[in-house]
Amino acid sequence: MVADPPSPRDDALAPMPAGPLHWLRTERLQVALAPDAGGRVAQIRFDGREWLVGPDDGWPATIAWGCYPMVPWAGRMRAGRFAFGGAAHTLPVNFGGHAIHGVGFSRPWQIDVLEADSAQLSLVLPQDGYWPFGGTATQAVHLEGDRLLLELAVRAGTQAMPVALGWHPWFPKPDRLVFSPDAMYPRDTDGIATLPRTPPSAGPWDDCFVANNDIALQRGDQVLRLKADTDHWVVYDAAAHATCVEPQTGPPDAFTLAPRVLSPGQRTSLSFELAWESGKGRAE
């Protein structure tokens, strides 16, 4: 008997097919949404150049393609364990003995509104062994000229809940990355962020930083500038084929290092702007 393949809910390295795609368009920018694949952006094209590693580029794992929402936590949660409300909680581990990137990136989202250049999606968060607190996550996706505007939000349900949000884009390896962080969270032998923060080290990185300066990637004559309403960014540039620049509302293992709590019915959000330029020379 052949064993069933691992589920993306239980293994972040399990393959995640894109499923049906819904394209949003402006004159120069096209964005493909894959609601069944964790509500992620499957591909972005600007003037014909693709700006994301796609599911058919040789990296089909749930964790390894597109630009996906991380909710209700972002990055690694050490051994899936945290304390909240005076109780100890243990969530299923899905990556190297840790719980990574929340539950939203491995579950189908519902499209609530779909227009030519915008969409709204939602996901009812579980109230079970994967996540005991419930709540609702929403995404707003909007194309405005040469900009892609993303908003990820969570509203608590009838009980309080911890929360950390993030976006995880997989960009094909750029010719140049402009990134000058102010500080970083050092990683321990488990690869988990720790305190206290330290001056940034030289790369390659798989680290969380505090950064307030301009962030940009250049590929050919195109420059992509990144902004978010947070100062926490994770940068992973150790892979030969890709670089990830991820805005997060807190560090990995945030429920332990920098906990934020939503009261029943309270909402929080993270906005992420991706803006393209072409023919501008080097990114600065």
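A residue is called buried here when its relative accessible area is under 20%. By that cut-off Cys208, at 2% relative accessibility, is buried. The model is a predicted one. The points below cover its cysteines, its nonpolar cores, its one cavity of 30 Å³ or more, and the loop residue Asp36.

**Cysteines**

- The number of disulfides comes to zero.
- Cys208 takes part in no disulfide, and the nearest cysteine sulfur, which belongs to Cys244, is 14 Å away.
- A disulfide requires two cysteine sulfur atoms within 2.5 Å, so the 14 Å to the sulfur of Cys244 rules out a bond for Cys208.
- For Cys244, the closest cysteine sulfur is that of Cys67 at 9.6 Å, which is too far for a bond.
- Cys244 is also buried, its relative accessible area being 0%.

**Nonpolar cores**

- The largest nonpolar core has 58 residues, and the members that touch the most others are Trp131, Leu148 and Leu226.
- A second core, separate from the largest, consists of 20 residues, among them Val53, Ile63, Tyr68 and Phe105.
- Beyond its neighbours within four places in sequence, Leu148 contacts Leu29, Val31 and Ile44, as well as Val141, His142 and Leu143.
- The contacts of Leu148 also include Phe272, Glu273, Leu274 and Trp276.

**Cavity**

- The structure contains one cavity of 30 Å³ or more, and the largest cavity encloses about 80 Å³ of space.
- Residues lining the largest cavity include Pro8, Arg9, Trp73, Pro92, Asn94 and Ala99.
- The lining also includes Gly102, Val103, Phe105, Ser106, Arg107 and Tyr130.
- By type, the lining residues are seven nonpolar, three polar and two charged.
- Phe105 is part of this lining and is also a member of the second nonpolar core.

**Asp36 and its surroundings**

- Asp36 sits in the loop that joins strand E2 (29-34) to strand E3 (40-46).
- Its relative accessible area is 41%, so Asp36 counts as partly exposed.
- Leaving out residues up to four places away in sequence, Asp36 touches Met16, Pro20, Arg107 and Pro108.
- Of these contacts, Arg107 is also listed in the lining of the largest cavity.
- Asp36 and Phe105 are 69 residues apart in sequence, while their C-alpha atoms are 9.6 Å apart in space.
- Strand E2 (29-34), on one side of the loop, spans the positions of Leu29 and Val31, two of the residues in contact with Leu148.
- Strand E3 (40-46), on the other side, spans the position of Ile44, another contact of Leu148.

Note on methods. Residues numbered from 1 in each chain as written. Predicted model: local features only at pLDDT ≥ 70, side-chain atom pairs only at ≥ 80, totals over all residues. Heavy atoms only, no water. 1 Å grid on protein atoms, 1.4 Å probe; cavity = no way out; pocket = protein on both sides within 12 Å on 5 of 7 lines; lining within 4 Å. Points joined across faces, edges and corners; volume = space filled by probe spheres on them. Nonpolar A, V, L, I, M, F, W, Y, C, P; charged D, E, K, R; others polar. Buried < 20%, exposed > 50% of the residue type's maximum accessible area, 1.4 Å probe, protein only. Core = buried A, V, L, I, M, F, W, Y, C linked by side-chain atoms within 4.5 Å. Contact = heavy atoms within 4.5 Å. Helix = DSSP H or I, 4+ residues; strand = E, 2+ residues; numbered from the N terminus.
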